[in-house]
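Work through the exercises below with the sequence and the structure open. Each task is followed by a solution in steps.

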Amino acid sequence: MSVLENYHAATAFKLLARDELNFASNFPPEMWKEFRSLVLKLILATDMARHVEVLGMWKARTVTPAVDFGDAATRLLTLQVLVKCADLVNAARPWPVCHAWAEQVEKEFLQQGDQERDAGLTVSPFMDRESTNLPKMQAVFMDFVSIPLFESVGMVLPQLEEAVVQAHTNLQAWRDFGRTISTGSAS
């Protein structure tokens, strides 16, 4: 269904409809059609419901050392995983930035959980202020989502090595932070 991603795509094309923002206004019709299709495929690939599928396709296509970037499907998949990396980049930002942004996301999640509770709905996972543990949530997400993605892409594109290293550093920082919270010594 990709509600959020469809909203992002609709917003992108709504912005492109404004003359002052439409860098593609001179594209021939066929190029515009290809451009629009590509943008939609890239945005929809960021849907977390498709994460395992997209990462699995990437891993299957990149198991050999000589990845065929001449193949159109490989190029599309490469762009999709790079956009996914950009979407999940907070895991690989310097620790103070990673931590601050994660706290902002947690605030949004908890507000949504409060609204769900007030509406008599079941509170979504990670959005219940009674049970959410930010360090644990971040560590699990990084362990099972962000880091495997960065590592897999980094095997083919070594330029991502710095992001992989920083993500591992942040994972350890979240674990350490979680331990300080559980012992009551967090500031």
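**Exercise 1: one residue in a helix**

Thr 78 lies in helix α4. The model is a predicted one.

Task: Decide whether Thr 78 counts as buried or exposed, and list which residues Thr 78 touches beyond four places in sequence.

Solution.
- Step 1. The cut-off for buried is under 20% relative accessible area.
- Step 2. Thr 78 has a relative accessibility of 8%, so Thr 78 counts as buried.
- Step 3. With residues up to four places away in sequence left out, Thr 78 touches Trp 58, Phe 69 and Leu 157.

**Exercise 2: the overall layout**

Task: Describe the protein as a whole: which helices and strands there are, and what box the C-alpha atoms fill.

Solution.
- Step 1. Count the elements: the protein has seven helices and zero strands.
- Step 2. Read them in sequence order, which gives the pattern α-α-α-α-α-α-α.
- Step 3. Along the principal axes, the C-alpha atoms fill a box of roughly 60 × 45 × 30 Å.
- Step 4. Of the 187 residues in the protein, 35% are buried.
- Step 5. Take the contacts between residues at least 6 apart in sequence: 62% of these join residues at least 24 apart.
- Step 6. Turn to the surface: the accessible surface is about 11,800 Å², and 60% of this belongs to carbon and sulfur atoms.
- Step 7. Compare the charges: there are 17 positive and 23 negative charges, and their mean positions are 2 Å apart.

**Exercise 3: the buried side of α3**

Task: Find which residues of α3 are buried, and explain why they lie on the same side of the helix.

Solution.
- Step 1. The buried residues of α3 are His 51, Val 54, Leu 55 and Trp 58.
- Step 2. These residues cover an arc of only 95° around the axis, and therefore sit on the same side of α3.
- Step 3. The spacing fits a general rule: an α-helix has 3.6 residues a turn, so residues three or four places apart point the same way.
- Step 4. The partners of the buried residues of α3 are α4 and α6, against which they pack.
- Step 5. On the face of α3 turned away from the buried side are the exposed residues Val 52 and Ala 60.

**Exercise 4: the nonpolar core**

Task: State how many residues the largest nonpolar core has and which element gives the most to this core.

Solution.
- Step 1. The largest nonpolar core has 29 residues. Those with the most contacts inside this core are Trp 58, Met 142, Leu 149, Phe 150, Val 153 and Trp 174.
- Step 2. Two or more residues of this core come from each of α3 (51–61), α4 (72–87), α5 (95–118), α6 (134–156) and α7 (161–182).
- Step 3. The most comes from α6, which gives ten residues to this core.
- Step 4. Look at Trp 58 in detail: beyond four places in sequence, Trp 58 touches Leu 77, Thr 78, Val 81, Ser 152, Val 153 and Val 156.
- Step 5. Another core lies apart from the largest core; this other core has seven residues, among them Leu 16, Ala 24, Val 39 and Ile 43.
- Step 6. As a general background, nonpolar side chains in soluble globular proteins tend to be buried together.

**Exercise 5: two valines and a phenylalanine**

Task: Place Val 145, Val 67 and Phe 126 in the structure, and add what else can be said of each.

Solution.
- Step 1. Val 145 is in helix α6, and Val 145 counts as buried because its relative accessibility is 13%.
- Step 2. Beyond four places in sequence, Val 145 is in contact with Met 48, His 51, Leu 88 and Val 140.
- Step 3. Val 145 and Leu 55 are 90 residues apart in sequence, with 9.5 Å between their C-alpha atoms.
- Step 4. Val 67 is in the loop between α3 and α4; with 15% relative accessibility, Val 67 counts as buried.
- Step 5. Beyond four places in sequence, Val 67 is in contact with Arg 61, Thr 62, Thr 74 and Val 156.
- Step 6. Phe 126 lies in the loop between α5 and α6. Although Phe 126 is not a glycine, Phe 126 has a positive phi of about 70°.

Note on methods
Residues numbered from 1 in each chain as written. Predicted model: local features only at pLDDT ≥ 70, side-chain atom pairs only at ≥ 80, totals over all residues. Heavy atoms only, no water. Core = buried A, V, L, I, M, F, W, Y, C linked by side-chain atoms within 4.5 Å. Buried < 20%, exposed > 50% of the residue type's maximum accessible area, 1.4 Å probe, protein only. Helix = DSSP H or I, 4+ residues; strand = E, 2+ residues; numbered from the N terminus. Contact = heavy atoms within 4.5 Å. Arc of directions from axis to C-beta. Areas by Shrake-Rupley, 256 points an atom, 1.4 Å probe, with all protein chains shown as cover. Lys, Arg positive; Asp, Glu negative; His and termini not counted. Charge placed at Lys NZ, Arg CZ, Asp CG, Glu CD.
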